[in-house]
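Student: I should like to learn how the terms used for a protein model are justified. May we take them one at a time, setting each value against its definition?

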Amino acid sequence: MLSLKCSDAGFDCKQTMKGNSREEVINQAREHGKRDHNLKDSDFSPELVNKIESLIVESKE
Ligand SMILES: [Zn+2]
C-alpha cells in the first residue's frame, strides 16, 4: 500500500491518501485537493504532480 500525507504537501491537514498504485494516490490527492482545499485542475501543474509523487511513501497497511 502506498500513502501520502496531505501535510507533507504543505497543507495544514490531517488527511492521508492511500492506494495500491501511485496513480491511485495521485488521483485521490487531486480529488481531495479540489474538495477540501479549493484547488482546480489547473493548479495541478506537472511540477506539483511531480512533487506529490515524490512524497508518496510505502506504508505497512
Ligand atoms: Zn488536505
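Tutor: Let us begin with Ser 59, which touches Met 1, Leu 2 and Ser 3, not counting residues up to four places away in sequence. Please keep in mind that this is a predicted model.

Student: Where is Ser 59 found, and why is Ser 59 called buried or exposed?

Tutor: Ser 59 is found in the segment after β3 (57-58). Its relative accessible area is 18%. Buried means under 20%, so Ser 59 is buried.

Student: What makes Ser 3 buried or exposed?

Tutor: Ser 3, found in strand β1, has a relative accessible area of 8%. That value is under the 20% cut-off, and therefore Ser 3 counts as buried. Leaving aside neighbours within four places in sequence, Ser 3 is in contact with residues including Thr 16, Met 17, Ile 56 and Ser 59.

Student: Which residues does Ile 56 contact, leaving aside its neighbours within four places in sequence?

Tutor: Ile 56 is in contact with Leu 2, Ser 3, Leu 4, Arg 22, Val 25 and Ile 26. Ile 56 also belongs to the largest nonpolar core, which has 13 residues. Leu 4, Met 17, Val 25, Ile 52 and Ile 56 touch the most other members of this core. The elements that give two or more residues to it are β1, α1 and α2 (46-55), and α1 gives the most, with three residues.

Student: How do you know that the span of α1 is close to the expected one?

Tutor: α1 has 15 residues and reaches 21 Å from its first C-alpha to its last. At 1.5 Å a residue, the expected span is 21 Å. The two values may be set side by side, and the span of α1 is close to the expected one.

Student: Why are the buried residues of α1 said to line one face of the helix?

Tutor: The buried residues in α1 are Val 25, Ile 26, Ala 29, His 32 and Gly 33. Seen down the axis of α1, they fall within an arc of 125°, so they line one face of the helix. What covers them includes β1, β2 and α2. The face turned away from the buried side carries the exposed residues Glu 23 and Arg 35.

Student: What makes the site of the zinc ion tetrahedral?

Tutor: The protein donors are Cys 6 (SG), Cys 13 (SG), His 32 (NE2) and His 37 (NE2), lying 2.0 to 2.3 Å from the ion. The angles among the four donor atoms are 106 to 114°. Four donors count as tetrahedral if all angles lie between 85 and 135 degrees, and the site is accordingly tetrahedral.

Student: How are these donor residues spaced in sequence?

Tutor: Their spacing is C-x6-C-x18-H-x4-H. Cys 6, in the loop between β1 (2-5) and β2 (16-19), and His 32, in helix α1 (residues 22-36), are 26 residues apart, and this pair links distant parts of the chain. Both Cys 6 and His 32 are buried.

Student: Why is Asn 38 called buried or exposed, and what is its phi?

Tutor: Asn 38 lies in the loop between α1 and α2. Its relative accessibility is 68%; exposed means over 50%, so Asn 38 counts as exposed. Its phi is near 55°, a positive value in a residue other than glycine. Most residues other than glycine have a negative phi.

Technical notes:
Residues numbered from 1 in each chain as written. Predicted model: local features only at pLDDT ≥ 70, side-chain atom pairs only at ≥ 80, totals over all residues. Heavy atoms only, no water. Donors = N, O, S within 2.8 Å, 3.2 Å for Na, K, Ca; no water. Tetrahedral: all angles 85-135°; square planar, octahedral: opposite > 155°, others 65-115°. Helix = DSSP H or I, 4+ residues; strand = E, 2+ residues; numbered from the N terminus. Buried < 20%, exposed > 50% of the residue type's maximum accessible area, 1.4 Å probe, protein only. Core = buried A, V, L, I, M, F, W, Y, C linked by side-chain atoms within 4.5 Å. Contact = heavy atoms within 4.5 Å. Expected span 1.5 Å × (residues − 1). Arc of directions from axis to C-beta.
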